[in-house]
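User: Hi! Could you take a close look at one part of this protein for me and talk me through how it is packed?

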Amino acid sequence: QALALMNGPAVGAATTTDQSRTLAAVVGLPGLTPAERVESLYLAALGRPPTARELARATAADPPPYAD
């Protein structure tokens, strides 16, 4: 059930900038580093900053197209 929820339309919609005002706002802020974007999203979604390990994993991928 958890996998179905994670792969379902509700999560898909919440992770697009068209449907998520928070995601759109963080992506649209100029001047933020990828690490600052990740921290902002963790705070909004989980109410806490990412751990050092989480931040390293989230920023290890190729830079997203919106990165400065």
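The part I have in mind is helix H4 with its surroundings. Which residues of H3 and H4 make the contact between those two helices, which residues of H4 and H5 meet, and where is the place of Arg48?

Analyst: Happy to help! Please keep in mind that this is a predicted model.

A little background comes first. The protein chain has 68 residues, and its secondary structure comes to five helices and zero strands. Read from start to end, the pattern is therefore simply α-α-α-α-α. Of the residues in the chain, 12% count as buried. If you take the contacts between residues at least 6 apart in sequence, 22% of them join residues at least 24 apart.

Now to your helix. H4 covers residues 34–46, and we can look at its packing against H3 and then against H5. Two packed helices are described by the angle between their axes and the distance between the axes.

Let's begin with H3, which spans residues 21–28. The axes of H3 and H4 lie 10 Å apart, and the packing angle is about 160°. Because angles over 145 degrees count as roughly antiparallel, H3 and H4 are roughly antiparallel to each other. Their crossing is right-handed. On the H3 side, the contact is made by Thr22, Leu23, Val26, Val27 and Gly28, while H4 brings Arg37, Ser40, Leu41 and Ala44. Sorted by character, the residues of this contact are five nonpolar, three polar and one charged.

Leu23 is a good residue to zoom in on here. Leu23 sits in helix H3 and has a relative accessible area of 18%. Since buried means under 20%, Leu23 counts as buried. Leaving aside neighbours within four places in sequence, Leu23 touches Leu41 as well as Thr15, Thr16 and Thr17. For another link to H4, compare Leu23 with Arg37: these two are 14 residues apart in sequence, and their C-alpha atoms are 9.4 Å apart in space.

On to H5, which takes in residues 52–59. The axes of H4 and H5 come within 10 Å and cross at roughly 125°. That angle makes H4 and H5 oblique to each other, and their crossing is right-handed. In H4, the residues involved are Pro34, Ala35, Val38 and Tyr42; they meet Glu54, Leu55, Ala58 and Thr59 in H5. The residues of this contact divide into six nonpolar, one polar and one charged.

Between H4 and H5 there is a loop, and this is the place of Arg48. Arg48 counts as partly exposed because its relative accessibility is 32%. Beyond its neighbours within four places in sequence, Arg48 is in contact with Tyr42, Leu43 and Glu54. Two of these partners should sound familiar, as Tyr42 of H4 and Glu54 of H5 also belong to the helix contact described above. With Glu54, Arg48 makes a polar contact from side chain to side chain, at 2.9 Å.

Thr51 is found in the loop between H4 and H5 too. With a relative accessible area of 39%, Thr51 is partly exposed. Thr51 and Glu39 are twelve residues apart in sequence, with a C-alpha to C-alpha separation of 9.3 Å.

Finally, let's follow the chain past H5. Ala60 lies in the segment after that helix, and its relative accessibility of 65% makes it exposed. Pro34 and Ala60 are 26 residues apart along the chain, and 9.8 Å separates their C-alpha atoms.

To put the picture together: H4 packs roughly antiparallel to H3 and oblique to H5, and Arg48 in the H4–H5 loop reaches Glu54 through a polar contact of side chains.

Terms used: Residues are numbered from 1 along each chain as its sequence is written. This is a predicted model: local features need pLDDT of at least 70, side-chain atom pairs count only at pLDDT 80 or more; totals for chains, interfaces and linings use all residues. Side-chain values use heavy atoms; hydrogens and water are left out. Helices (H or I, at least four residues) and strands (E, at least two) are DSSP runs, numbered from the N terminus. Buried means under 20% relative accessible area, exposed over 50%, partly exposed in between (1.4 Å probe, protein chains only). Contact means heavy atoms within 4.5 Å. A polar contact is a pair of N or O atoms within 3.5 Å; within protein, one must be able to donate a hydrogen and the other to accept it, and residues adjacent in sequence count only if both atoms are side-chain atoms. Axes are lines fitted to C-alpha atoms, for helices over the stretch in contact, and angles run from 0 to 180 degrees between N-to-C directions. Angles under 35 degrees count as roughly parallel, over 145 as roughly antiparallel, 65 to 115 as roughly perpendicular and the rest as oblique. A crossing is left-handed if the near helix is turned anticlockwise from the far one by less than a right angle, and right-handed if clockwise. Ala, Val, Leu, Ile, Met, Phe, Trp, Tyr, Cys and Pro count as nonpolar, Asp, Glu, Lys and Arg as charged, and the others, Gly among them, as polar.
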